[in-house]
Amino acid sequence: MLIEKHNSVVGPNDNVLFLGDFSFKSPGIYAKLLNGKKHLILGNHDRKGINTYEDFDTVFKGLYNSFNEFTFIYSDEDELLSAAQVEICGKTVGLCHYSAGWSDVYDEQNTKIRPRSDKIWRFFESCSVEHIIHGHLHSKLVPEGAVSCVQYHNACCEHLDFTPIRIGD
């Protein structure tokens, strides 16, 4: 069903951004079945090693900042530190897996998610991000006004009838 819904709206030359947790097993098999040029921002369940995602056109590793048609990348030893700042429809947007900056969503047991999300939040703050488009929460939502300076948009498939949408929408 997921593959059918994806391919019903994504053409072979469309760019598709996945915001983490692509597949629990065999991501290469599923990626080959999906239309589009695939780009992946890594999530906490994408711990299969970068080479596992060779069927993706881009796997973001580090923090990507687009500025005047140049891309700057900050990277460290955390292979799942993955986010991008882009301009969409005249707005500064942060793309990431985690709902960076909203601390109530962190699992206190997971010592890797919070520091990673905090780094992404500081990065987005330095870029004056106005909107964060994220995954990770699945059926949950960041409460409206949780962080006054940023609007959150949960792009998990559970909120989108399991169908991709155009990023401007």
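## Pairing around strand S8

In this predicted model, glycine 94 has isoleucine 132 of S8 as its bridge partner. The strands concerned are S7, spanning residues 91–96, and S8; they run parallel and are joined by three bridges.

S8 is also linked to strand S9 (residues 151–154), again in a parallel arrangement, here through four bridges. Within this pairing, asparagine 154 of S9 stands opposite histidine 134. Strands of a sheet pair through backbone hydrogen bonds, in either a parallel or an antiparallel manner.

## Burial of strand S8

Strand S8 comprises residues 131–134, and both of its faces are covered. His131 and Ile133 lie on one side, Ile132 and His134 on the other, and all four are buried. In a regular strand, side chains alternate between the two faces of the sheet. Two of these buried residues also appear in the pairings described above: Ile132 is the bridge partner of glycine 94, and His134 stands opposite asparagine 154.

## The sheet S1-S2-S3

A further open sheet consists of three strands in the order S1-S2-S3, with parallel pairing. Its edge strands are S1 (15–18) and S3 (58–60), each of which pairs on one side only. From one strand to the next, the twist averages 15 degrees.

S1 and strand S2, the latter covering residues 37–41, run parallel and are connected by four bridges. Among the residues involved, asparagine 15 has lysine 37 in S2 as its bridge partner.

Definitions and conventions. Residues are numbered from 1 along each chain as its sequence is written. This is a predicted model: local features need pLDDT of at least 70, side-chain atom pairs count only at pLDDT 80 or more; totals for chains, interfaces and linings use all residues. Side-chain values use heavy atoms; hydrogens and water are left out. Buried means under 20% relative accessible area, exposed over 50%, partly exposed in between (1.4 Å probe, protein chains only). Helices (H or I, at least four residues) and strands (E, at least two) are DSSP runs, numbered from the N terminus. Two strands pair if DSSP finds at least two bridges between them. Axes are lines fitted to C-alpha atoms, for helices over the stretch in contact, and angles run from 0 to 180 degrees between N-to-C directions.
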